[in-house]
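Me: I should like to go through the assignments in this model and ask what each one rests on. Please set the values against the criteria in your replies.

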Amino acid sequence: MSSPTDSLTADQTHRRTPPLSFEDLPGLMSLQTGDEKHGPAATSTLDVLWVLYDEILDVSAAALDDPARDRFYLSKGHGPMTYYAVLAAKGFFPVDWLAGFGGAHSRLGHHPDRNLVPGVEISSGSLGHGFPLAVGTALGLRAQGVDSRVVCLVGDAELDEGSNAEAMTVAGSFDLSNLTVVVVDNRSSSHGWRGGVGAHFAVEGWIVQRVDGRDHQALAVAMRRTAATVPTLVVAEVEDQS
Ligand SMILES: Cc1ncc(C[n+]2csc(CCOP(=O)(O)OP(=O)(O)O)c2C)c(N)n1
Ligand SMILES: [Mg+2]
């Protein structure tokens, strides 16, 4: 299980120029001193987000509007500190912005805003919207013949929202092989999932993989894998929510 070690102090990180590394993320996160009540929700996504932006997604700050870019939708928009840290590390916006996190005049709100933050594809925070949007985007890209992937990150409790059940079924029925959903599973949903969260997706025809959500190599292999005709689910298991 990998974890950030040898982290730089916030001040050291502040003075460095992107692209930065995984080891820089704690420093970048510590710059975000605004009141944040969803710290565990942020850190649960740390490794998934890093591997996505470092190894999987074909996106870059230099090509924000490229129609052929991959799309990443952070549906679980609460606790966006890690998301902001990764985007800053990859040069989507200046590291300087992080210090303003949560402030009245900051672009970096407690929920990400696609109109304010370069690299953010959807505004999120109200749970249950990102996955249906990702299904629509995957359908639209396929209809246009654009060979891009759509990756959507959801929480296990977010899946309690009924909109996700519809999205799961539609994506399976339409064979959306360009869609990958990553569930960060910290076993926080109200009633849990009989047979595990992946069992429901498997019934709808999805490829289902379960991996250690802190293991970068396992995450990369799972998130890189797509099937020719069906959508892919990656269940990234992390520590229980304390
Ligand atoms: C539609 C909607 N209902 C309720 C909330 C309040 N809410 C914020 S975080 C959260 C729990 C989300 O759990 P999960 O998706 O598993 O993410 P985790 O915090 O475990 O990372 C809830 C219910 C919300 N943001 N949106
Ligand atoms: Mg959860």
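Me: In which helix is Arg142 found, and why is Arg142 called partly exposed?
Reply: The model is a predicted one. Arg142 is found in helix α6. Arg142 has 18 other C-beta atoms within 10 Å; a residue is buried at 20 or more and exposed at 12 or fewer, so with 18 Arg142 is partly exposed.

Me: How far apart are the C-alpha atoms of Arg142 and Leu74?
Reply: They are separated by 21 Å, and the two residues are 68 residues apart along the chain.

Me: What makes α6 roughly parallel to α7?
Reply: The axes of helix α6 (residues 130–144) and helix α7 (residues 162–173) cross at roughly 25° and come within 8 Å of each other. Angles under 35 degrees count as roughly parallel, and therefore α6 is roughly parallel to α7. The crossing in which α6 passes α7 is left-handed.

Me: What is notable about phi of Asp175, and where is the place of Asp175?
Reply: Phi of Asp175 is near 50°, a positive value in a residue other than glycine. Most residues other than glycine have a negative phi. Asp175 lies in the loop between α7 and β3 (179–185).

Me: Why does Asp175 count as partly exposed?
Reply: Asp175 has 15 C-beta neighbours inside 10 Å. The partly exposed class lies between 12 or fewer, which is exposed, and 20 or more, which is buried, so Asp175 counts as partly exposed.

Me: What is phi of Arg187, and how do you know that Arg187 is partly exposed?
Reply: Phi of Arg187, a residue other than glycine, is positive and near 50°. Arg187 belongs to the loop between β3 and α8 (197–203). With 14 other C-beta atoms within 10 Å, Arg187 is partly exposed, because exposed requires 12 or fewer and buried 20 or more.

Me: Why is β3 described as largely enclosed by the rest of the structure?
Reply: Seven of the seven residues of β3 are buried, so β3 is largely enclosed by the rest of the structure. Leu179, Val181, Val183 and Asp185 point one way from β3, while Thr180, Val182 and Val184 point the other way. In a regular strand the side chains alternate between the two faces of the sheet.

Me: How do you know that β2 and β3 pair?
Reply: Six bridges join β2 and β3 in the parallel sense. Pairing requires at least two bridges, so β2 and β3 pair. Cys152 stands opposite Val181 in β3.

Me: What makes β1 and β2 a pair of strands?
Reply: Strand β1 and strand β2 (residues 150–155) run parallel and are joined by four bridges. At least two bridges are needed, so these strands pair. In β2, Val150 is the bridge partner of Arg71, and Leu153 is that of Leu74. From strand β1 (residues 71–74), Arg71 and Tyr73 point one way and Phe72 and Leu74 the other, and all are buried.

Me: In what order do the strands form the open sheet, and what makes β1 and β4 edge strands?
Reply: Five strands form an open sheet in the order β1-β2-β3-β5-β4, with parallel pairing. β1 and β4 (207–212) are the edge strands, since each pairs on one side only. From one strand to the next, the twist averages 20°.

Me: Why is helix α4 called largely enclosed?
Reply: Nine of the 11 residues of helix α4 (residues 46–56) are buried, so α4 is largely enclosed by the rest of the structure. Among the buried residues of α4 are Leu46, Trp50, Tyr53 and Ile56.

Me: What makes α4 roughly parallel to α5 but oblique to α9?
Reply: The axes of α4 and helix α5 (residues 81–89) come within 10 Å and cross at roughly 25°. That angle falls under 35 degrees, so α4 is roughly parallel to α5. The crossing of α4 and α5 is right-handed. The axes of α4 and helix α9 (residues 216–224) also come within 10 Å, but they cross at roughly 60°. Roughly parallel ends at 35 degrees and roughly perpendicular begins at 65, so α4 is oblique to α9. The crossing of α4 and α9 is right-handed.

Me: How many residues surround ligand 1, and which classes make up the shell?
Reply: Ligand 1 is surrounded by 16 residues, and the closest are Ala41, Leu127, Gly155, Ala157 and Glu158. The shell has four nonpolar, nine polar and three charged residues.

Key
Residues are numbered from 1 along each chain as its sequence is written. Chains are lettered from A and ligands numbered from 1 in the order in which they are written. This is a predicted model: local features need pLDDT of at least 70, side-chain atom pairs count only at pLDDT 80 or more; totals for chains, interfaces and linings use all residues. Helices (H or I, at least four residues) and strands (E, at least two) are DSSP runs, numbered from the N terminus. A residue is near a molecule or strand if its C-beta atom, placed from the backbone, lies within 6 Å of it. Ala, Val, Leu, Ile, Met, Phe, Trp, Tyr, Cys and Pro count as nonpolar, Asp, Glu, Lys and Arg as charged, and the others, Gly among them, as polar. Axes are lines fitted to C-alpha atoms, for helices over the stretch in contact, and angles run from 0 to 180 degrees between N-to-C directions. Angles under 35 degrees count as roughly parallel, over 145 as roughly antiparallel, 65 to 115 as roughly perpendicular and the rest as oblique. A crossing is left-handed if the near helix is turned anticlockwise from the far one by less than a right angle, and right-handed if clockwise.
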